[in-house]
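Here are some short exercises on aromatic rings, a strand and an enclosed space. Try each task by hand before you read the solution.

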Amino acid sequence: MIPNQRHLFDLPENHAYLNCAYTAPLLKTAVRAGVEAIEAKRAPWTIKSDDFFSTVENLRGLFARLVGCTPDDVAVVPAASYGLATAAKNLPVSEGQSIVVLQDQFPSNVYSWMNLAETRRAVLRTVPRPANSDWTSALLDEIDANTAIVAASHNHWTDGTVVDLVRVGEQCRSVGAALVVDGAQSLGAVPFSVPDIRPDFLASIAHKWLLGPYSMGFCYMDPKWHEGTPLEENWLSRAGSEDFSRLVDYQEGYQPGARRYDVGEVSNFILSPIAAAALAQILEWGVEQIAETLRAKTDAIADRAEEMGLLVADREFRAPHMIGLTKSGGFSGELAKILALEKVYVSVRGESVRVAPHVYTNDDEIDRLFYALRKVA
């Protein structure tokens, strides 16, 4: 268990910020890194040509350590949707084959598949929400010999109900389907092992559970897709771009590995240091330790929710880091705004009040949540 880390963030004592799944607060170290990066841009003569590469390679290496792959397997992208669109551009789908998604899946992990299904005359199959919250069994039942792609996540974004990606990955490989994972609502708070899950693509963002900035993300790509087609062409992704004096010697080849898929201006001198500081802290804490710490918090929230008559998924189907609270008849769509007036910050997603604590969350904040819920729920 990680001791409370609120001192590493600049959070007011009278605020109960239980909304990391919406966007995370920045660490003080990440803020300092961002300020230093802005100061450096005020003096652009201090930015060297090597910095265009070393800055992003450091970031690539940190993310590779987080998920258990090599830096060559990581593209740096501006959003999860960019990585998912890259997957859709490169994965084969034949007419009549199916692309499988979950009901109420996050839109960025649906729209690309809608377009791909229409273009290839494939079938978009949606797994209905299971009444018992067992997404894994429901998803496995939909994966068959006609499945081309399974696009899912480690847990459902609305309420944290889990998907066993190891079992899903095994089923995908047994029928020759590709597995594409949206890690936006899990990476950094739930352990993810590329060698165990073996996804074809894994896309994520930095500003939620990776505690980083907006407009920064990552995409793991299995080596078998390293020779594919990127969404865009930019000078940094081409072979030999380290030599600024020879950039007009246009190259057909790309930088090695997944770097061909990097977004333009990938060095991102302002955001990269912020994201790197956050990743370094997560690695120092350890994702397994983060998950264990957050599990204790969400279990305590579940117990108190059930005491006041609210509904939660069974523990075996809950992710460690976020939890959905529901009630018969539903909550008001204005509930999050009402709670915010009490300085309690959560999200209402679908039928659930989504509560997403982190290592800065203390017992007083959880008390404030239930005090406010009893007043308005």
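**Exercise 1.** In this predicted model, decide whether F9 and Y360 are buried or exposed, then classify their ring pair.

*Solution.* Start with accessibility: F9 and Y360 are both buried. Next, take the geometry. A pair of aromatic rings is described by the distance of the centres and the angle of the planes. For F9 and Y360 the centres are 4.9 Å apart and the planes meet at 70 degrees, so the pair is edge-to-face. Finally, place the partners in the sequence. F9 belongs to the segment before β1 (16–17), while Y360 sits in the loop between β12 (352–355) and α11 (363–376), so the pair ties together parts 351 residues apart in sequence.

**Exercise 2.** Work out the class of the F52 and F244 pair, and find which cluster these rings join.

*Solution.* The centre-to-centre distance is 5.4 Å and the angle between the planes is 75 degrees, which is again edge-to-face, since the cut-off for that class is over 60 degrees. F52 lies in helix α2 (residues 51–67) and F244 in the loop between β8 (217–221) and α8 (271–285), so this contact joins parts 192 residues apart in sequence. For accessibility, F52 has a relative value of 22% and therefore counts as partly exposed. F244, at 33%, is partly exposed too. Now follow the ring pairs outwards: they link F52, W235, F244 and F269 into a cluster. In total, the structure holds nine aromatic pairs.

**Exercise 3.** Which way do the side chains of strand β2 point, and how does β2 pair with β8?

*Solution.* Walk along β2 (residues 74–77): V74 and V76 point one way, A75 and V77 the other way, and all of them are buried. Then turn to the neighbouring strand. The pairing of β2 with β8 is antiparallel, over four bridges. To anchor the register, note that V77 has G217 in β8 as its bridge partner.

**Exercise 4.** How many cavities of 30 Å³ or more are there, and what lines the largest cavity?

*Solution.* Rolling a probe the size of a water molecule over the atoms shows where empty space is left. The count comes to one cavity of 30 Å³ or more. The largest cavity holds about 80 Å³ of space. Its lining consists of L102, Q105, F106, N109, A152, S153, N155, H156, W157, D182, A184 and Q185. Sort these residues by class and you should get five nonpolar, six polar and one charged.

How values were computed:
Residues are numbered from 1 along each chain as its sequence is written. Side-chain values use heavy atoms; hydrogens and water are left out. Rings of Phe, Tyr and Trp (its six-membered ring) pair if their centres lie within 6.5 Å; planes under 30 degrees apart count as stacked, over 60 as edge-to-face and the rest as tilted. Helices (H or I, at least four residues) and strands (E, at least two) are DSSP runs, numbered from the N terminus. Buried means under 20% relative accessible area, exposed over 50%, partly exposed in between (1.4 Å probe, protein chains only). Two strands pair if DSSP finds at least two bridges between them. On a 1 Å grid over the protein atoms alone, a cavity is a set of points where a 1.4 Å probe fits but cannot get out, and a pocket is an open set with protein on both sides within 12 Å along at least five of seven lines; lining residues have an atom within 4 Å of a point. Grid points are joined across faces, edges and corners, and a volume is the space filled by probe spheres set on the points. Ala, Val, Leu, Ile, Met, Phe, Trp, Tyr, Cys and Pro count as nonpolar, Asp, Glu, Lys and Arg as charged, and the others, Gly among them, as polar.
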